[in-house]
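Thanks for making the time this morning. I would like to walk through one model with you, going from a single helix to a helix pair, then to a strand, and finally to the chain as a whole.

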Amino acid sequence: MSSLNAKIQDVFNEPACENNRGKDAKARKKGCSKPLTPGAAAGGCAFDGAKIVLQPITDVAHLVHAPLACEGNSWDNRGTASSGPTLWRTSFTTDVTELDVMMGQGERKLFKAIREIKEAYAPPAIFVYSTCVTALIGDDIEAVCKRAAEKFGLPVVPINAPGFVGSKNLGNKLAGEALLDHVIGTVEPDDAGPHDINILGEFNLSGEFWLVKPLFDRLGIRVRASIPGDARYLDVASAHRARTTMIVCSTALINLARKMEQRWDIPFFEGSFYGITDTSEALRQISRLLMKKGADPEILGRTEALIAEEESIAWKKLAAYRPRLEGKRVLLNTGGVKSWSVVHALMEIGIEIVGTSVKKSTPEDKERIKKILKDENHMFEAMAPRELYAMLSKHEADIMLSGGRTQFIALKAKVPWLDINQERHQPYAGYDGMVELVRQIDLAIHNPIWRQVREPPPWECQLVAEDEPSSTKSETATVQGFKKFAGTTADDFGEC
């Protein structure tokens, strides 16, 4: 545990968290803001965060050293996609029981599980995750992994991020530290070139990175490693030979990017593939950094030509949606990179942002939002479900974009809702992804079901009897009134 405590302290002192670049000596000492209280359930645990970052490495066997529930609750918790291997979707757990705990059989059971995986699947590597139970009883997964690697002749990587040490975001960073300590730099590629890049914090949700990768292919840029989305172990192991790095989600892996720059002189920047303008700027920034690292300056011209072509196509497709969506009001209840990148993307086509959550956003994210919205009143740290419901029920927004946790608030308020978090089924990255996002918003807002559900039920309509005096012509029926008029026909009901 002493080594883990030292690692956590090192992560907390991350100097690149707040401003990524150009901090003075005094500011660097402040480091990161600390996450939620260790052990708190809100936002997920450290083990969950580590599993999120590493499980999309698709050809690796991910072995959870824990009781069965830990693997059951963390399996497939993001909608990532693979273009090849499927081993990452196979659940591996040591299924530690009460008897194993009492008899001290945890380490022996772990070693046996590693051997069985190696014999049955022959993966290029096995990642072993520590959890609350096995960390509390003192199982030394690092020693077991080291012995197993020597015995079986393959990398066995310990992921020391038990849930009780902190939040999901801390687990993200501990996963990055594990890659630095045991994976990155362990394989020397024989095909390193001047146009190799790394993408960090891209999870390939619903396969959305596949909308971006063809752009790099057309520019002659090779993605040496996308960590973690649709990654392969050998690509990650040779990621230290890339020439530059782009971070899509700095809150997750900023420590990994900074330390790779320190060790291997790989410059990095934070960008976004959400929205036309941000996608273009990301491509430009990558090309500039590659040129500074020795690539042919011609790459800048190719990049501008590609951007001009793709933007022209995308704007023509979006023109059809502008008359239908211009002036529509969106409430964005998400966080992190999407708190500003999606805001910018939607404003490009005339959609109004009535509010965006900054709960999981870094100070730099918040500064971007201020520049985009030019009004801090549209930013909220956290909004209680009651407040969200009140805002939506008053029709202050035409649609809410959020994750699955708050979808029922929008549905109860009879307001359209669209999932933009990890559970979504549509890819929204790149130029084509932006068109798809706008298409989905248009479909949601103009779905005829919303007009129907907002209409009062028949028993709250005004009943009109043509043969009654005008003084008693209309009557607002309650449920009892509906029973009274149960014999009336559909034609007897007036409009609501």
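Let me start with helix H20, residues 430-445, which in this predicted model has 16 residues and reaches 23 Å from its first C-alpha to its last, close to the 22 Å expected at 1.5 Å a residue. As for its surroundings, 13 of the 16 residues of H20 are buried, so this helix is largely enclosed by the rest of the structure.

One residue that lies in helix H20 is Leu437, and with a relative accessibility of 3% Leu437 counts as buried, because the cut-off for that label is under 20%. Which residues is Leu437 in contact with, if we leave aside its neighbours within four places in sequence? They are Leu346, Leu418, Ile420 and Tyr428. I would also point to Tyr274, which is 163 residues apart from Leu437 along the chain, although the C-alpha atoms of the two are separated by 9.5 Å.

Turning now to the helix pair, H13 (residues 276-292) and H14 (residues 298-319) pack at an angle of about 175°, with their axes 10 Å apart. That angle makes H13 roughly antiparallel to H14, since anything over 145 degrees falls in that class. On the H13 side the residues that meet H14 include Ile276, Leu283, Arg284, Arg288 and Met291, while the H14 side contributes, among others, Ile299, Glu304, Ile307, Glu311 and Trp315. Taken together, the residues of this contact divide into 11 nonpolar, 3 polar and 4 charged.

Next comes strand E7, residues 244-247, and here a general point helps: in a regular strand the side chains alternate between the two faces of the sheet. In E7 both faces are covered, with Thr244 and Met246 on one side and Thr245 and Ile247 on the other, and all of these are buried. As to its partners, strand E5 (residues 196-202) runs parallel to E7 and is joined to it by 4 bridges, whereas 3 bridges join E7 to strand E8 (residues 268-270), again in a parallel arrangement. Met246 is a useful residue to follow across these pairings, for it stands opposite Ile199 on the E5 side and opposite Phe269 in E8.

Finally, the chain as a whole: there are 22 helices and 15 strands, and buried residues make up 51% of the 496 residues. Among contacts between residues at least 6 apart in sequence, 71% join residues at least 24 apart.

Conventions. Residues numbered from 1 in each chain as written. Predicted model: local features only at pLDDT ≥ 70, side-chain atom pairs only at ≥ 80, totals over all residues. Heavy atoms only, no water. Helix = DSSP H or I, 4+ residues; strand = E, 2+ residues; numbered from the N terminus. Expected span 1.5 Å × (residues − 1). Buried < 20%, exposed > 50% of the residue type's maximum accessible area, 1.4 Å probe, protein only. Axes fitted to C-alpha atoms, helices over the stretch in contact; angles between N-to-C directions. Parallel < 35°, antiparallel > 145°, perpendicular 65-115°, else oblique. Contact = heavy atoms within 4.5 Å. Nonpolar A, V, L, I, M, F, W, Y, C, P; charged D, E, K, R; others polar. Pairing = 2+ DSSP bridges.
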